[in-house]
Amino acid sequence: MMTSLEHPGYPQDGLLRLEEKLLCRESQVSLLLSLFGEPHQYSYPSIFIYGHTTTGKTYVMQTVLAELELPHAFVSCVECFTSRMLFEHILNKLQSYVTSSEISQSLYISCDSFSDFVRLFKQLISHQDLKNQTFYIVLDKAEQLREMEANLLPGFLRLQEMTDANVTVIFLTEIVWEKLHPNMGCFEPLILYFPDYSKVELQKILSHDHPSEYSAEFYAAYINILLGVFYTVCRDLKELKHLAAINFAKFCEPVTKDEATESDTRKLWKNIEPHLKTAMQTVYLREISSSQWEKLQQEDREAGQLKGLSAYAHVELPYYSKFLLIAGYLASYNPARTDRRFFVKHHGKIKKTKFLKKHEKTNNHLLGPKPFPLDRLLAIFYSIVDSRIAPTANIFSQISSLVALQLLTLVGHDDQLDGPKYKCAVSLDFIRAVARTVSFDLIRYLYDFL
């Protein structure tokens with residue numbers, strides 16, 4: 001069988017396995033092999049690979065190095081978050097490739113500085129086992145190097161020159177080179193870009209691993225329907241694989257019950273459409289596991305109806321976080337001038353004409369959420385919460401947690417003089433479900449429902 005990946009320095013069966021595993025990344029793999037050259041040849045000193053998340057950077061590098069059995073050290077800069085951990089991980093991995101009796105394999109190498117790292121690296125790589133092949137150091141999440149010592153990045157870029165050894169350092173990151181390189185200047189790496197997968201490529205990748213009990217055409221039709229629904233809002237390959245896995249059983253339900261054939265696309269689509277709409281509103285959130293999702297679907301089938309949004313029915317937030325989120329929603333969708341009407345107990349007599357909406361063309365829910373300052377959020381929060389609580393650090397940390405969960409959105413910059421402003425990023429259905437869990441009558445406090 002012929003392969004589109006051809007290189008004289010590597011075995012044909014290894015290249016075939018690469019082509020089978022690395023779908024839609026043939027051009028990038030071919031370019032990498034050209035840069036690597038044959039194992040005994042000197043490769044390019046440093047290669048900078050960037051692209052958005054789930055574009056295959058890490059998977060491609062791990063697969064290429066493993067399938068072609070190239071000596072390498074793969075380091076996550078998130079796990080090895082100090083220079084010492086980084087140096088020791090690389091050196092001990094390098095030591096594992098040296099089978100010489102002069103070095104005890106049980107001896108753990110310690111290293112504190114970059115100069116010691118260069119010295120120890122030169123000692124290890126000079127052994128006969130590594131003399132005639134390139135050693136690859138892969139630094140995943142390389143943007144974390146910006147948080148470490150200033151000499152790390154320039155040092156790794158010139159490692160081949162400093163050690164006079166056949167070593168290539170590969171940086172994997174989601175940011176462009178201009179945001180990573182040091183201000184004082186350094187050796188420029190070779191830059192390689194991994195583009196996002198197109199819809200056709202996602203279709204090919206997702207359809208590749210189809211269940212053995214169903215035909216490839218049937219699973220490809222399912223993936224086509226899935227991408228038709230989710231492609232506009234989600235192009236993350238991992239998330240799409242997760243969605244494909246948890247919804248496939250529902251798609252197959254009419255076939256397993258002998259109510260439809262594999263070619264009856266209309267009936268299959270009608271059966272899965274409400275479930276895909278449900279899943280659409282929980283993309284990326286992963287509030288529940290796949291097993292819990294399947295259990296909910298099983299309960300829906302037993303009840304004969306779809307019970308609703310898994311996320312909205314199972315919101316798990318701390319008690320006061322729920323009130324903070326409700327306060328944020330009210331601040332986003334109620335005009336500030338109405339706060340006295342809703343939240344001040346003895347607000348005095350207010351003319352009804354002040355709240356008539358005859359001359360308003362649209363309501364606030366159609367216009368979308370409006371930004372509000374932190375002090376207004378807290379004022380509404382203390383008004384609606386049942387018990388009297390002090391403005392402690394715990395309350396402020398819960399606001400930060402809501403922002404991290406993307407339930408609230410921070411508007412503007414952190415250094416603005418008039419304090420932070422927020423927007424509420426949840427829908428009316430979501431906040432009503434949250435309000436029900438704390439027995440709060442939300443509609444009573446919304447200006448649009450007066």
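Let's start with helix α2, which spans residues 26–36 of this predicted model. Five names to look for along α2 are Gln28, Val29, Leu32, Leu33 and Phe36, which are buried. They sit on the same side of the helix, because the arc they cover around the axis is only 135°. That fits the general geometry: an α-helix has 3.6 residues a turn, so residues three or four places apart point the same way.

What lies over that buried side? The cover includes the helices α1 (12–21) and α3, along with strands β1, β3, β4 and β5. Right after α2 comes Gly37, with a positive phi near 70°.

Several of those strands belong to an open sheet. It has 5 strands, ordered β2-β3-β4-β1-β5, and the pairing is parallel. The edge positions go to β2 and β5 (190–193); each has a single partner strand, so one side of each has no neighbour in the sheet. On average, neighbouring strands are turned by 15° against each other, ignoring direction.

Zooming in on one pair, β1 (residues 46–50) and β4 run parallel and are joined by 5 bridges. If you want a specific spot to click on, Ile47 has Ile170 in β4 as its bridge partner.

Two helices can be placed against this sheet. Helix α3 (residues 57–67) packs on it and touches β1, β2, β3 and β4, while α4 lies across β2 and β3. Their directions compare with the strands like this:

| Helix | Strand used for the angle | Angle |
|---|---|---|
| α3 | β4 | about 150° |
| α4 | β2 | about 155° |

Now for the hydrophobic side of things. In soluble globular proteins, nonpolar side chains tend to be buried together. Here, the largest nonpolar core has 39 residues, and those with the most contacts inside it are Leu86, Phe117, Phe121, Leu139, Leu145, Phe156 and Phe171. At least two core residues come from each of β2 (72–76), α4 (83–96), α5 (114–125), β3 (135–140), α6 (152–157) and β4 (167–173). Which element gives the most to this core? That would be α5, with 7 residues.

Phe117 is a handy place to look around. Leaving out residues up to four places away in sequence, Phe117 touches Phe87, Ile90, Leu91, Cys111, Phe156 and Leu159. Apart from this core lies another one, of 38 residues, including Ala327, Phe343, Leu407 and Tyr447.

Terms used. Residues numbered from 1 in each chain as written. Predicted model: local features only at pLDDT ≥ 70, side-chain atom pairs only at ≥ 80, totals over all residues. Heavy atoms only, no water. Core = buried A, V, L, I, M, F, W, Y, C linked by side-chain atoms within 4.5 Å. Buried < 20%, exposed > 50% of the residue type's maximum accessible area, 1.4 Å probe, protein only. Helix = DSSP H or I, 4+ residues; strand = E, 2+ residues; numbered from the N terminus. Contact = heavy atoms within 4.5 Å. Pairing = 2+ DSSP bridges. Axes fitted to C-alpha atoms, helices over the stretch in contact; angles between N-to-C directions. Arc of directions from axis to C-beta.
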